[in-house]
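Let's take a walk through a protein model together, one stop at a time. Keep the picture open beside you and look for each residue as we come to it.

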Amino acid sequence: MARTEKLKMKELAGHRSNIYGLLAAIYRREMTSDLLKQLKDPSMLGVLSNLGIKLNNGFLEKPEHQLLEDLAVEYARLFIGPGKHISPHESVHHKRNDGQWGQLWGLSTAEVKKFIESAGLSYQSEYTGLPDHISVELEFMQQVTLAEEKAWEGDDKNLALACLKNEKKFIIEHLAEWIPNFCDKVIKEAESPFYQVMAELTQKFIQFEKNEVGRSDENGK
C-alpha cells in the first residue's frame with residue numbers, strides 16, 4: 001500500500017473516531033457545559049456543516065443556563081422517563097430473527113458485551129448501565145477507530161486491518177441493525193430541534209459507515 005493511501009486511511013480513521021466520540025457524549029447523559037462549548041466551537045460547526053447538519057440560531061443564541069436546562073429536560077423525557085420514553089438500548093430495537101428482542105437484557109446485550117470484551121476492552125468500574133446502551137456502542141467504535149488510526153500511524157498494516165475487520169463486523173451485526181430505527185423514533189418524538197438534528201446526524205453517519213467501511217477494508221488489502 002502506498003504511503004499516501006496509508007495517510008488517507010489514518011486521517012479517515014481519526015475523523016471517524018472524533019464523530020463516534022461526539023455522538024457517544026451526546027447520548028451518554030444530559031448536555032454538559034463542556035460538550036455545549038465543543039458543539040458551539042466554529043471548527044465543530046464546520047464539521048457538522050460538512051455532514052449536512054446545521055444547528056439553528058435558537059441553539060446558538062439561547063443563554064447557556066437556559067439551554068442546558070431545556071436540553072436536560074428533553075433528554076430525560078426522550079431517553080429516561082419515568083413516563084413513556086425511547087430506550088437507548090440495542091436489545092429493545094434490534095429485530096432479531098430468533099425473536100429475542102424488545103426488552104432490556106436480551107441476547108443482543110450479551111453479544112455486545114462479549115464482542116467488546118473479546119476486542120480487549122472493558123467497562124469502567126463505575127459504569128452501572130447496560131452493555132448495549134447506544135453511548136457504550138458508539139464509544140467502543142470510537143476506541144477501535146482510534147486504535148486503527150494509531151496503527152496506520154505506526155505503519156502496522158496488519159493491526160490496522162484487524163481493527164477494520166472488527167469495525168465492519170460490529171457495524172453490520174449491531175449498529176446498522178438498530179440505530180437507524182432508534183433514530184427514526186427520536187426524530188418523531190423529539191420536541192427539541194437539537195435532538196432531532198443529532199438523530200439525523202447519527203442516522204446518516206451509521207449509513208455512511210455501513211457503506212464505506214467495507215470499501216476501506218478492501219482498499220487496505
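Our starting point is D155, which is exposed because its relative accessible area is 52% and the cut-off for exposed is over 50%. Please keep in mind throughout that this is a predicted model. D155 sits in the loop between helix 8 and helix 9, and its phi is near 60 degrees, a positive value in a residue other than glycine. Why point that out? Most residues other than glycine have a negative phi.

Step back from D155 and you reach helix 8, since D155 comes just after this helix. Helix 8 is made of 20 residues. From its first C-alpha to its last it reaches 29 Å, close to the 28 Å expected at 1.5 Å a residue.

Two more spots in the loops deserve a visit. One is W105, in the loop between helix 6 and helix 7; its phi is near 55 degrees, again a positive value in a residue other than glycine. The other is P82, in the loop between helix 5 and helix 6 (90-93). Here the peptide bond that joins G81 and P82 is cis, with an omega of about 20 degrees. For background, most peptide bonds are trans.

Now let's go inside. Which residues touch the most other members of the largest nonpolar core? They are L39, F182, F194 and Y195, out of 59 residues in that core. The elements that give two or more residues to this core are helix 1, helix 2 (33-40), helix 3, helix 5 (64-80), helix 7 (107-118), helix 8 (134-153), helix 9 (157-189) and helix 10. Helix 9 provides the largest share, with 13 residues.

Take F194 as your guide to this core. Not counting residues up to four places away in sequence, F194 touches I26, M31, L39, L55, F59 and L71. Try finding each of them around the ring of F194 in the picture.

Next, look for E74 in helix 5. Is E74 buried or exposed? E74 counts as buried because its relative accessibility is 6%, and buried means under 20%. Leaving aside neighbours within four places in sequence, E74 is in contact with A190, E191, S192 and Y195. Y195 is already familiar as one of the residues that touch the most other members of the core. E212, by contrast, is 33 Å from E74 in space, C-alpha to C-alpha, and 138 residues away in sequence.

For another case, turn to K37 in helix 2. K37 counts as partly exposed because its relative accessibility is 49%, and partly exposed covers the range between the 20% and 50% cut-offs. Between K37 and V112 there are 32 Å in space, C-alpha to C-alpha, and the two are 75 residues apart in sequence.

Our last stop is the second largest pocket, which has a volume of about 340 Å³. Helix 1 (3-28), helix 3 (42-50) and helix 10 (193-219) are the elements that give two or more residues to its lining. The largest share, six residues, comes from helix 1. Altogether 15 residues line the pocket, and H15, I19, V47, L51 and F205 lie nearest its centre. What classes of residue make up the lining? There are ten nonpolar, three polar and two charged residues.

Note on methods. Residues are numbered from 1 along each chain as its sequence is written. This is a predicted model: local features need pLDDT of at least 70, side-chain atom pairs count only at pLDDT 80 or more; totals for chains, interfaces and linings use all residues. Side-chain values use heavy atoms; hydrogens and water are left out. On a 1 Å grid over the protein atoms alone, a cavity is a set of points where a 1.4 Å probe fits but cannot get out, and a pocket is an open set with protein on both sides within 12 Å along at least five of seven lines; lining residues have an atom within 4 Å of a point. Grid points are joined across faces, edges and corners, and a volume is the space filled by probe spheres set on the points. Helices (H or I, at least four residues) and strands (E, at least two) are DSSP runs, numbered from the N terminus. Ala, Val, Leu, Ile, Met, Phe, Trp, Tyr, Cys and Pro count as nonpolar, Asp, Glu, Lys and Arg as charged, and the others, Gly among them, as polar. A nonpolar core is a set of buried Ala, Val, Leu, Ile, Met, Phe, Trp, Tyr and Cys residues joined through side-chain atoms within 4.5 Å. Buried means under 20% relative accessible area, exposed over 50%, partly exposed in between (1.4 Å probe, protein chains only). Contact means heavy atoms within 4.5 Å. The expected span of a helix is 1.5 Å times one less than its number of residues.
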